[in-house]
Amino acid sequence: MSTSSEHVDFVALSLLPIGCWRRVGVHLHAGVPPGCILERVLDERRSDPPVDPPALRSRAVTALARAEDRGIRLVPWSDAAYPAALSAIVDPPPALWVRGNLAALSRPAVAVVGSRAGSPYGLAVAERLAADLAGRGVVVVSGLARGVDSAAHRGALAANGSTLAVLGSGADVIYPAEHQSLARAIETDGAVISELVPGTPPQKRFFPLRNRLISGLSRAVLIVEAGEKSGSLITARCALEQGREVLAVPGNVLSGRNRGGHGLLRDGAKIVESADDILEELCVPAFGRPGAAGAAGPEDPVLLSLPAGESCDLDAISERTGLRSARLLPRLFELEMQGLVKRVGGGRFVRV
């Protein structure tokens, strides 16, 4: 693994206090080099305790060495492999740590999340819908937690599909521990992902933060079963803030297990009974079907928004086309598959 100064700086940014992360995102989107961002953010930060840049960089070098020892790949913001969907959120991680297949990060994805104490009905629905999505070429994103999350991962694997597990710990610290074998199976064609440096233990404060990554990686978030205080509702809120679609599966009104999900439905979330409901909501019913993507013509609005030789980020393309990220990203993926568009570093696209 490269230990270039740029990589060290990106990792150092990820080691800043959580309160700095949104400011880091502003500078990343502005195209500021990581070393300059580090100096600016620390200069702007007046609170105690003080943070020493050389100490952060030293910790970053240690993290890179640990990652190399454990076969974990660093994907910094500047890497073309950095997920385009994630680059569009206001507080994207300056660096991702990935175990598994990097190609899975660039495929269309839908998050499937829900209760850790899911009912047999909720677990069966999560597994079936995840399998149906994976069978259509969609990557299933979830959090490797007990209950609905793990059922979603297993459903995708049962369909020989890809799934991404986003952790609230380092990529080499699987939590809960009984999901070690599940994590290894995920790595075959999918990936285990974290924004936290390798070796970071799971902490309560990290899990709400990782929920923004689950939604940020996805075109839509499906809530299968969620109580009134479920962490899945945090993911749903993140999705709405990020311009993603929020969908929900209706449940048993007598058990009370899905009051949070029913609340989302009352607020306008689309009811989901099948994978087709999800794909139709995203206006991409042909996901995963060879040859189904519509061929782009010279008047394609997305292509027209990309002047030849000029790289553009999602915000610029969205402004020019009038398409929200949830609609725009699948179209960009289709154009990429047709060889008309390619991704470059920093979450930007260029017309070929």
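**Notes on helix packing, rings and buried spots**

1. Let's start at the N-terminal end: helix α1 (residues 5–14) and α3 cross at roughly 35 degrees, and their axes come within 8 Å. The crossing is left-handed. On the α1 side the contact uses Glu-6, Asp-9, Phe-10, Ala-12 and Leu-13, and on the α3 side Pro-34, Gly-35, Ile-37 and Leu-38. Sorted by class, that contact comes to 6 nonpolar, 1 polar and 2 charged residues. Keep in mind throughout that this is a predicted model.

2. Now follow α3 to its other partner. Helix α3 (residues 34–44) also packs on helix α4 (residues 53–70), at an angle of about 135 degrees and with the axes 11 Å apart. Angles over 145 count as roughly antiparallel and 65 to 115 as roughly perpendicular, the rest being oblique; α3 and α4 are therefore oblique to each other. This crossing is right-handed, while the one between α1 and α3 is left-handed.

3. Who does the touching between α3 and α4? From α3 you get Gly-35, Leu-38, Glu-39 and Leu-42, and from α4 Pro-53, Leu-56 and Arg-57. The split here is 4 nonpolar, 1 polar and 2 charged. Gly-35 and Leu-38 are worth clicking on, as they appear in the contact with α4 and also in the contact with α1.

4. Leu-15 is a handy residue for tying these pieces together. It sits in the loop between α1 and α2 (21–29), and Leu-15 is buried, with a relative accessible area of 13%. Setting aside residues up to four places away in sequence, Leu-15 touches Leu-56, Arg-59, Ala-60 and Val-197. Leu-56 is also one of the α4 residues that meet α3. As for Leu-38 of α3, its C-alpha atom is 10 Å from that of Leu-15, with the two positions 23 residues apart along the chain.

5. On to aromatics: how many pairs turn up in the whole structure? The search finds 2. Trp-77 with Tyr-82 is an edge-to-face pair, 5.4 Å centre to centre and 65 degrees between the planes. Both of these residues, Trp-77 and Tyr-82, are buried. The rings of Tyr-175 and Phe-207 have centres 5.9 Å apart and planes at 55 degrees, so that pair is tilted.

6. Where do the two partners of the tilted pair sit? Tyr-175 is in the loop between β5 (163–166) and α8 (180–187), and Phe-207 is in helix α9, so the pair ties together parts that are 32 residues apart in sequence. The cover is uneven if you look at each ring's residue: Tyr-175 is partly exposed, with a relative accessible area of 41%, whereas Phe-207 is buried, at 16%.

7. Helix α9 has a packing partner as well. Its axis (residues 206–216) and that of helix α10 (residues 232–241) come within 8 Å and cross at roughly 50 degrees. That makes α9 and α10 oblique to each other, and their crossing is right-handed. The contact brings Pro-208, Asn-211, Arg-212, Ile-214 and Ser-215 of α9 against Ile-234, Thr-235, Cys-238 and Ala-239 of α10. In class terms that is 5 nonpolar, 3 polar and 1 charged.

8. Helix α10 comes up again at α11. Helix α11 (residues 259–266) is mostly covered, with 6 of its 8 residues buried. The buried ones are Gly-260, Gly-261, His-262, Gly-263, Leu-264 and Leu-265. Among the elements covering them are β7 (220–223), α10, β8 (245–248) and β9 (270–271). After α11 comes Gly-268, with a positive phi near 115 degrees.

9. One last stop, Ser-150: is it buried or exposed? Ser-150 is placed in helix α7 (residues 148–158) and is buried, with a relative accessible area of 5%, the cut-off for buried being under 20%. Leaving out neighbours within four places in sequence, Ser-150 is in contact with Ala-145, His-179 and Leu-182.

Conventions
Residues numbered from 1 in each chain as written. Predicted model: local features only at pLDDT ≥ 70, side-chain atom pairs only at ≥ 80, totals over all residues. Heavy atoms only, no water. Axes fitted to C-alpha atoms, helices over the stretch in contact; angles between N-to-C directions. Helix = DSSP H or I, 4+ residues; strand = E, 2+ residues; numbered from the N terminus. Parallel < 35°, antiparallel > 145°, perpendicular 65-115°, else oblique. Left-handed = near helix turned anticlockwise from the far one by under 90°. Contact = heavy atoms within 4.5 Å. Nonpolar A, V, L, I, M, F, W, Y, C, P; charged D, E, K, R; others polar. Buried < 20%, exposed > 50% of the residue type's maximum accessible area, 1.4 Å probe, protein only. Phe/Tyr/Trp six-rings, centres within 6.5 Å; stacked < 30°, edge-to-face > 60°.
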